[in-house]
2 protein chains.
Amino acid sequence: MAANASGDGTVGKALDVLDQVAAFGRPVRFAELQAESPFPKATLYRFVQTLTNQGMLSFDRERNTYALGVRLVRLAHAAWEQSSLAPIARDEISRLADDVGETVHLAQMDHAQVLYVDKRDPERPVAMFSQAGKVGPAYCTGVGKAMMAWLDEESLCRIVPQQSFHRFTPKTLTNEIALRKELANIRDRGFAYDDEEHEPGIICVALPILSPRGRVLGALSVTTSTARKSLSELETLVPRIRLCAQSIGTEAEAWRFPDQISKEVRTA
Amino acid sequence: MAANASGDGTVGKALDVLDQVAAFGRPVRFAELQAESPFPKATLYRFVQTLTNQGMLSFDRERNTYALGVRLVRLAHAAWEQSSLAPIARDEISRLADDVGETVHLAQMDHAQVLYVDKRDPERPVAMFSQAGKVGPAYCTGVGKAMMAWLDEESLCRIVPQQSFHRFTPKTLTNEIALRKELANIRDRGFAYDDEEHEPGIICVALPILSPRGRVLGALSVTTSTARKSLSELETLVPRIRLCAQSIGTEAEAWRFPDQISKEVRTA
DNA sequence: TAAAAAGTTCCAATTATTGAAACTTGGTTT
DNA sequence: AAACCAAGTTTCAATAATTGGAACTTTTTA
């Protein structure tokens, strides 16, 4: 809830203000920001002015309120296109969702959290930002556990201590030891479950998306409700999901490093 | 193509770097940025480091490339939710798309450009470059013209000179005089056409979304191809679209200013 | 109408930014 | 294998920006 105190100079502080506005989730008055800001009035005021000038915040002069600006939406579209798996995985995911007839999620790690970058719902197709951009906990979601299970120890040591281990349901893993054990199981098994650990009645199977070299790029999950399917029924879909995950991993490598061919030519 | 030279202190300069990276549309090396940056090496280097620390850029240590970071996607989700019409208009647009059986776009102005914030495609996706977060020209799109037609003169004087007036098709309006005349027609008519002005074979009708007080909040369009429908056929949909636009405008006012009722009560 | 709160500006002390240059690293050529 | 080149990274004193207390103006509340 408190500010980051990121330390990254002026730019870091200004970006903290952005997060603060985002946290409100609604247009916010200057005084409201001031009340819980570590910065003195004049400093915060200049930040807010600068960000507004820059289009990162929008100002409603009738109500004197600030909200996140449209420049962010524009930038995010570019971010989504160039640094997420979503555009690469797009067609693969659609096909997967059609085949399995259940909701498919595509996620990546964002610091210690899970960031959903795409979603395919066979019932009703939805627009991009409504779903993409949402964040969730890593320790109690299928995609989160799938990614962590294949991360190197160094990354895990950063990420695991940042988990809240809040008990959402009776089945939520609520401490590091239980999570570590689960991650080992997942690695052995080759995929992760979410057995109602985040939401009662919601289960999923998830697989990591690995680059050919074995780096964790993201994760893929198929979600359903206990009313529709059992975990063992979900498990039968794993080979199909694995196919999709592998194909995305390969494509991602090719897409991100398209110049390796011309480079080899030069070398020859 | 050149940098903004925004002037807004350190923060503005750093944000310019973000735009620069976005403009590449692919992971970019430090040297590539340096080559066309107004900042000296060390300065640019620190910007890029700061932005990476902050999660606004992501760094691929295997390839030494920078891309837009996932924090942007997260922030944009919040921006989309709190400062765009999209969440308000969501259900209305879905219903409209179902009723008319054609692609529906929801757009807002972003400086002098059109920002598409949502899209609903009932059936086969026609090949077009438009998605949430994408920007387009104002002078040759239905939504752009619809918004401009109801803007105050002051805003127009800012926006119109910034139009490129690039000729996309033989029917594109290519100067301010033609555009001004068209805007007057649109105001009289009550809605805007896009008669293959941006893409050959693509036509649409567009209506502004106005607040009850008459402020331009955005625009709504129904798009099709000349192969499917004629302009006059499209025109028959206008009353239905108008209904949708009005309802969104009313809802938006209520949502953005939910306390105006209690205020009137207090005043009375 | 008065009082209080919110929003805005000012300016000297402070602090961070700046950028030329030196240094390190990784890869390519001789 | 050594030398070379280019890309990436760090250093540090001069410079220029940020900082924040306080005063000021505007808007809201009593």
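Two strands count as paired if DSSP finds at least two bridges between them. Keep that rule handy for the exercises below, and keep in mind that this is a predicted model.

**Exercise 1. Work out whether β1(A) and β3(A) pair, and place them in their sheet.**

Solution. Start with the bridges: β1(A) and strand β3 (residues 65–68) of chain A are joined by two of them, running antiparallel. The rule asks for at least two bridges, so the strands pair. Now look at one spot along them: A:Arg29 stands opposite A:Thr65 of β3(A).

Next, zoom out to the sheet. It is an open sheet of three strands in chain A, ordered β1-β3-β2, with antiparallel pairing. At the edges sit β1 (28–29) and β2 (57–60) of chain A, each pairing on one side only. And what holds strands like these together? Strands of a sheet pair through backbone hydrogen bonds.

**Exercise 2. Describe how β2 and β3 of chain B are connected.**

Solution. First, count the bridges: strand β2 (residues 57–60) of chain B and strand β3 (residues 65–68) of chain B share four, and they run antiparallel. Then pick a partner: B:Ser58 has B:Ala67 in β3(B) across from it as its bridge partner. Finally, follow the chain from one strand to the other. β2(B) and β3(B) make a hairpin with four residues between them. In the turn, B:Asn64 has a positive phi of about 55°.

**Exercise 3. Classify the ring pair A:Phe30 and A:Tyr45, then say how buried each residue is.**

Solution. A search of the whole structure turns up ten aromatic pairs over all chains. In one of them, A:Phe30 and A:Tyr45 sit 5.6 Å apart, centre to centre, with 85° between the planes, which makes the pair edge-to-face. This pair links distant parts of the chain, 15 residues apart: A:Phe30 belongs to helix α2 (residues 30–35) of chain A and A:Tyr45 to helix α3 (residues 41–53) of chain A.

Now the burial. A:Phe30 counts as buried because its relative accessibility is 17%. A:Tyr45 is at 40%, so A:Tyr45 counts as partly exposed.

Try the same steps in chain B. B:Phe39 and B:Phe47 are also edge-to-face, at 5.4 Å centre to centre and 75° between the planes. B:Phe39 has 15% relative accessibility, so B:Phe39 counts as buried. B:Phe47 is buried too, with a relative accessible area of 9%.

**Exercise 4. Find a charge sitting over a ring in each of chains A and B.**

Solution. In chain A, go to A:Arg189: its charged end sits over the ring of A:Phe191, 5.7 Å from the ring's centre. In chain B, the charged end of B:Arg189 sits over the ring of B:Phe191, 5.7 Å from its centre.

**Exercise 5. Sketch the protein surface near DNA strand D.**

Solution. Begin with the residues: there are 17 around DNA strand D, and the nearest are A:Pro40, A:Arg46, B:Ala31, B:Lys41 and B:Tyr45. On the DNA side, sugar and phosphate make up 65% of the strand D atoms that come within 4 Å of the protein.

Now take three contacts in turn:

- A polar backbone atom of B:Ala31 lies 2.9 Å from a phosphate oxygen of strand D.
- An N or O atom in the side chain of B:Lys41 lies 2.9 Å from a base nitrogen of strand D.
- An N or O atom in the side chain of B:Tyr45 lies 2.7 Å from a sugar or linking oxygen of strand D.

Last, add the elements and classes. α3(A) gives the most to this surface, with four residues. By class, the surface near strand D has seven nonpolar, five polar and five charged residues.

Key: Residues are numbered from 1 along each chain as its sequence is written. Chains are lettered from A and ligands numbered from 1 in the order in which they are written. This is a predicted model: local features need pLDDT of at least 70, side-chain atom pairs count only at pLDDT 80 or more; totals for chains, interfaces and linings use all residues. Side-chain values use heavy atoms; hydrogens and water are left out. Rings of Phe, Tyr and Trp (its six-membered ring) pair if their centres lie within 6.5 Å; planes under 30 degrees apart count as stacked, over 60 as edge-to-face and the rest as tilted. Buried means under 20% relative accessible area, exposed over 50%, partly exposed in between (1.4 Å probe, protein chains only). A charge sits over a ring if NZ of Lys or CZ of Arg is within 6 Å of the ring centre and within 35 degrees of the ring normal. A residue is near a molecule or strand if one of its heavy atoms lies within 4 Å of it. A polar contact is a pair of N or O atoms within 3.5 Å; within protein, one must be able to donate a hydrogen and the other to accept it, and residues adjacent in sequence count only if both atoms are side-chain atoms. Ala, Val, Leu, Ile, Met, Phe, Trp, Tyr, Cys and Pro count as nonpolar, Asp, Glu, Lys and Arg as charged, and the others, Gly among them, as polar.
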